[in-house]
Amino acid sequence: MDWSEIEQAISATMGSQFHIDSRHPAGGGCINDAWQVTGQGRDYFIKLNQPSRLDMFEAEFDGLSGMFEVGAIRVPKPLLSGVASQRSFLVMEFIQMGHKGSTEQMGRQLALMHRKTAGHFGWHRDNTIGSTAQQNNWTEDWVGFFRRYRLGNQIELAARKGIGSHAVGLVEKLIDRLDCFYTDYQPLPSLLHGDLWGGNAGFDADGNPVIYDPATYYGDREADLAMTELFGGFDNNFYAAYANCWPIDPGYAVRKTLYNLYHILNHYNLFGGGYGMQAEGMAGQLLSACR
Ligand code: ADP
């Protein structure tokens with residue numbers, strides 16, 4: 001890897017010469033190579049991948065920018081993306097991560113970020129969830145959006161991957177009946193992180209909450225909350241502070257399974273295995289809640 005093109009690109013973006021004094025592999029990213037790069041007293045966090053993944057980095061850049069601009073919760077400031085030396089790259093602010101901070105503050109700040117709303121559901125571009133394409137076409141109604149661009153898209157991929165006709169049938173029936181989860185609940189198009197599992201949230205060295213690696217779009221805030229519950233890592237103080245800032249509708253207790261079904265189907269599409277059975281169980285459970 002020849003880093004000089006990246007040095008030049010950073011120099012051009014920052015308007016001052018940048019030379020790398022040292023670089024270290026950073027983080028334990030699932031998808032990309034990540035580096036901490038230091039020069040002239042500045043630190044950058046740089047992700048690298050194959051040139052074909054430029055689009056993914058451009059989408060991550062836009063998602064980080066969207067959340068950074070709102071300023072409700074700390075997000076690494078993205079600087080540039082591009083292709084250099086046969087690698088696509090994304091350069092952002094390096095944040096020294098710490099081990100502890102206030103989960104209460106994280107809950108409050110997430111609620112504040114969710115207060116940023118748009119006129120429609122979606123985002124100005126598609127992005128990725130894991131490495132699966134995530135479609136974000138602007139849509140007026142949430143149920144239509146979630147039906148088509150979330151569950152509908154994932155079950156189509158899962159059917160092609162061989163999830164089995166029973167699971168496909170259950171999810172399709174569920175998709176037909178989605179309205180039943182929204183009889184007295186009207187979500188707002190809130191700015192979402194979109195992939196908020198514990199591995200994508202932490203604290204900086206001063207204890208401030210930080211979120212990163214998003215799959216941003218405007219959607220029902222309950223979708224972000226549901227994902228925090230899927231693999232754990234967020235404590236009661238987080239949820240209490242969130243709800244204190246912006247109370248949660250009681251129907252969330254059922255809808256969270258619906259929102260997490262999207263991620264479990266995505267996990268089936270990415271990793272296969274037992275996620276197929278888990279998705280089938282969730283779809284069955286949701287259908288019984290719908291009678
Ligand atoms: P991937 O896209 O490969 O999954 P992530 O964005 O999740 O990579 O980053 C991997 C790890 O690197 C994170 O778990 C986090 O600890 C760390 N990290 C992410 N962004 C930054 C940053 N801007 N500065 C410092 N460390 C970061």
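The largest cavity in this predicted model has a volume of about 60 Å³. A search of the whole structure finds one cavity of 30 Å³ or more.

The lining of the largest cavity is made up of Phe146, Arg150, Gly194, Asp195, Leu196, Tyr217, Ala223, Asp224, Met227, Tyr259, Tyr262 and His263. Three elements give two or more residues each to this lining: helix H4 (142-161), helix H6 (221-230) and helix H8 (252-271). Sorted by class, seven of the lining residues are nonpolar, two are polar and three are charged.

**The sheet and its helices**

Another part of the model is an open sheet of five strands, with antiparallel pairing and the order E1-E2-E3-E5-E4. Strand E1 (22-25) and strand E4 (78-84) are the edge strands, each pairing on one side only. On average, neighbouring strands of this sheet are turned by 25° against each other, direction ignored. In general, the strands of a sheet pair through backbone hydrogen bonds, in either a parallel or an antiparallel way.

Within the sheet, strand E2 (residues 33-39) and strand E3 (residues 42-49) run antiparallel and are joined by seven bridges. Asp33 stands opposite Leu48 in E3.

Two helices lie across strands of this sheet. Helix H1 lies across E3, E4 and strand E5 (87-93), and helix H2 also lies across E3, E4 and E5. The table gives the angle of each helix to E4.

| Helix | Residues | Strands it lies across | Angle to E4 |
|---|---|---|---|
| H1 | 4-14 | E3, E4 and E5 | about 145° |
| H2 | 54-70 | E3, E4 and E5 | about 175° |

**Salt bridges**

How many salt bridges does the structure hold? There are 11 salt bridges in the structure. One of them joins Asp204 to Arg74, and the closest N and O atoms of this pair are 2.8 Å apart. Asp204 lies in the loop between strand E9 (201-203) and strand E10 (209-211), while Arg74 lies in the loop between H2 and E4, so the salt bridge ties together parts that are 130 residues apart in sequence. The loop of Arg74 thus has on its two sides a helix that lies across E3, E4 and E5 and an edge strand of the sheet.

Terms used: Residues numbered from 1 in each chain as written. Predicted model: local features only at pLDDT ≥ 70, side-chain atom pairs only at ≥ 80, totals over all residues. Heavy atoms only, no water. Pairing = 2+ DSSP bridges. Helix = DSSP H or I, 4+ residues; strand = E, 2+ residues; numbered from the N terminus. Axes fitted to C-alpha atoms, helices over the stretch in contact; angles between N-to-C directions. Contact = heavy atoms within 4.5 Å. 1 Å grid on protein atoms, 1.4 Å probe; cavity = no way out; pocket = protein on both sides within 12 Å on 5 of 7 lines; lining within 4 Å. Points joined across faces, edges and corners; volume = space filled by probe spheres on them. Nonpolar A, V, L, I, M, F, W, Y, C, P; charged D, E, K, R; others polar. Salt bridge = Lys/Arg side-chain N within 4 Å of Asp/Glu carboxyl O.
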